[in-house]
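Work through the exercises below with the sequence and the model open. Each task is followed by its solution.

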Amino acid sequence: MKNTTGVAKRCVSLALAAVMALSLAGCKGKANEGIQAEGGSAPAQTGAAGEKIVNIGVTSSLNTLNPLLMDGVEMNKYATGLMFLPLMDLDKDMNFEGMLADSITAEDGSNFLVHIDDQAVWSDGTPVTADDVIYTALRICSPVIGNVAMMYYVFEGVGDDGFVEAGADHVEGITKVDDKTVRFTTKAPMSLITFKASYARYLMPLPKHVIENISEENLMSDPWFNKPDVVSGPYRVTEFDRDHYVAYEANKDYWKGAPKIDRLNIKIVEGSQLYAGLKSGEIDVTQNTMSSIPLEDYESVQSLENVNVSFGDPITNQSVFIRTSNIPDAKVRQAMLYAIDRRQILDQLLKGNGEVSEGFLSSASPYFDESITPVTYDPEKAKTLLEESGWDKNKTIKFCIDSGDSTFVNAASVIAAQWAAVGIKADIQTMDINTLLGNANKGDFDVMAVQYTYPPVDPYADVAWLLGGEGSWTEYSNDKVNEALSKVQLSSDIGELKGLYSIIDKQVQEDVPMFSAYIIKTMAAVNKRLTGAEPSVYGFLNHVEQWDIAQ
């Protein structure tokens, strides 16, 4: 399928489940060359007399705290956004909420106006202006910085490699309208939703007046980024160890109101340590995607008297991709789906913490079509379809899975047994995530399963790539799907998008180039002493300045 905007060329790893902190090395670019870890001891559990301290426990890895090196990984975005606000973000209900900008509008299909909140100021009192936005965008497009993950090749004046010419002093498609307004111009039409989701959420302006004299060569490692003294967000970093913690102090001059919590720490731990940390109070709060509480600890965490537990929206899809060039008969692929008791797997292995859905979208998406009934377990129908297809029962399919996902390792055994019961032999091959993704990109599988998050408000890029014919994981293409996708990339009307994605999911259900084994609802927990903190898949830190500790 041809993609006119180029957005579908995004690195696949950016959408893989944040729960597993997955990313392909090729998508990280120079992210790991960002702020260097200072090491040292962990942040203090107690501060000066009267200081309020909160510890967030996460299991995701941290690549960078430098806005110029953002790579789409939510952990990096959350940790950096505490200091440098993005233009816009999603709230807990997955509506777009202004952070540094108070509005983003479309003049037409290719021109988007970003207006910076008139109240927005840096912590030194200097207003945040269009110049800060333009300066930051120009640096992101610099070949010296080398950030390929931000996908700025969609804008006028930026090469297809995502860069402007070395030494360029402007980007043709990113221009100043007035002191508070910036116009972004794309090479081809793009929906306002895609602009907000793929660009506004990840552009975190830097203070031009403070760092404009730092050479581009030093912007990736200058000491200023270790402890920035001028920020737009509620906190500034004081120390960190890339593998263990980030420590912040409150920006008392935050323009949205001084944070009530004096010191905030992000503690990077193993999933198995979260229960003990929540129990002891060393961890105050976990989040649904950055903090992966092991399923086996769910009941123990729920039994703790000092925490409140919640479950996030179902967005992490345990997707199963079928190489349609290896298994070309749709009847065989349908039989593979009818042969699996997905409800049993969800109830027994995930204790019901999730849902069974069809295609790409879960009930968390505004485009979810509740009228699409998931295929039910019907082994007799599976046998009939296999017989009609002339399936060779002596053939063995190569079923590749992630060895690090213990829940699906168990689920895969169930699936293989249920396939065997209808006449499909499967050889389960477990491998680490990097090997799995490498093999997937080479097409070295018949069936491959991986946790994948399709952004609920803008799944277009991932769906377009995965159903993009030759070169995609599925090698599947369908004219009806292609036509729907061509309309999706230009629309911002929720009703129209719901209808278009319904066409896609219904066709996927019929042809089965992929299916969802289950969609996970992940657990989060917050200490009862902490007020104002509401764990959620999106918008977790949007109003962190309002968090407080009950007296």
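Which residue in S9 does tyrosine 235 stand opposite? Tyrosine 235 stands opposite alanine 250 in S9.

The structure is a predicted model, in which local features need pLDDT of at least 70, side-chain atom pairs count only at pLDDT 80 or more, and totals for chains, interfaces and linings use all residues. Residues are numbered from 1 along each chain as its sequence is written, and side-chain values use heavy atoms, with hydrogens and water left out.

**Exercise 1. Trace the strand pairings from S8 to S1.**

Step 1. Apply the terms. Strands (E, at least two residues) and helices (H or I, at least four) are DSSP runs, numbered from the N terminus. Two strands pair if DSSP finds at least two bridges between them.

Step 2. Start at strand S8 (residues 235–241), which pairs with S9 in the antiparallel sense over six bridges. Three residues separate the two strands, and together they form a hairpin.

Step 3. Move on from S9 to strand S10 (residues 263–268): this pairing is antiparallel, with five bridges. Here tyrosine 248 has leucine 264 of S10 as its bridge partner.

Step 4. Go from S10 to strand S1 (residues 53–58), where six bridges join the two strands in parallel. Asparagine 55 stands opposite asparagine 265 in S10.

Step 5. Check the burial. Buried means under 20% relative accessible area, exposed over 50%, and partly exposed in between (1.4 Å probe, protein chains only). Strand S9 (residues 245–250) has five of its six residues buried. S10 also has five of its six residues buried, so it is largely enclosed by the rest of the structure.

**Exercise 2. Describe the open sheet of six strands and the helix across it.**

Step 1. Write down the order: S14-S18-S13-S17-S15-S16, with mixed pairing.

Step 2. Find the edges. Strand S14 (354–355) and strand S16 (425–431) each have a single partner strand, so one side of each is left without a neighbour in the sheet.

Step 3. Take one pairing inside the order. Strand S13 (residues 316–322) and strand S18 (residues 514–520) run antiparallel and are joined by six bridges. Valine 320 stands opposite phenylalanine 515 in S18.

Step 4. Add the helix. Helix H11 (residues 406–422) lies across S13, strand S15 (396–402), S16, strand S17 (447–453) and S18. H11 runs at about 165° to S15, where axes are lines fitted to C-alpha atoms, for helices over the stretch in contact, and angles run from 0 to 180 degrees between N-to-C directions. Contact means heavy atoms within 4.5 Å.

Step 5. Look at one residue of S15. Aspartate 402 is found in this strand and is buried, with a relative accessible area of 7%.

**Exercise 3. Compare the span of helix H15 with the expected value, then list what covers it.**

Step 1. The expected span is 1.5 Å times one less than the number of residues. For the 18 residues of helix H15 (residues 494–511) this should be 26 Å, and the end C-alpha atoms are 26 Å apart, which agrees.

Step 2. Pick out the buried residues, among them Leu497, Leu500, Tyr501, Ile504 and Val508.

Step 3. Identify the partners. The buried residues of H15 pack against H4, helix H8 (330–338), helix H13 (460–466), helix H14 (479–488) and S18.

**Exercise 4. Classify two aromatic pairs.**

Step 1. State the rule. Rings of Phe, Tyr and Trp (its six-membered ring) pair if their centres lie within 6.5 Å; planes under 30 degrees apart count as stacked, over 60 as edge-to-face and the rest as tilted. The count by this rule is 24 aromatic pairs.

Step 2. Take phenylalanine 155 and phenylalanine 195: at 6.4 Å centre to centre and 85° between the planes, the pair is edge-to-face. Phenylalanine 155 lies in the loop between helix H3 (130–140) and strand S6 (174–178), and phenylalanine 195 lies in helix H4 (residues 192–200), 40 residues apart. Phenylalanine 155 is buried at 0% relative accessibility, and phenylalanine 195 at 1%.

Step 3. Take tyrosine 452 and tyrosine 454: at 4.6 Å and 10°, this pair is stacked.
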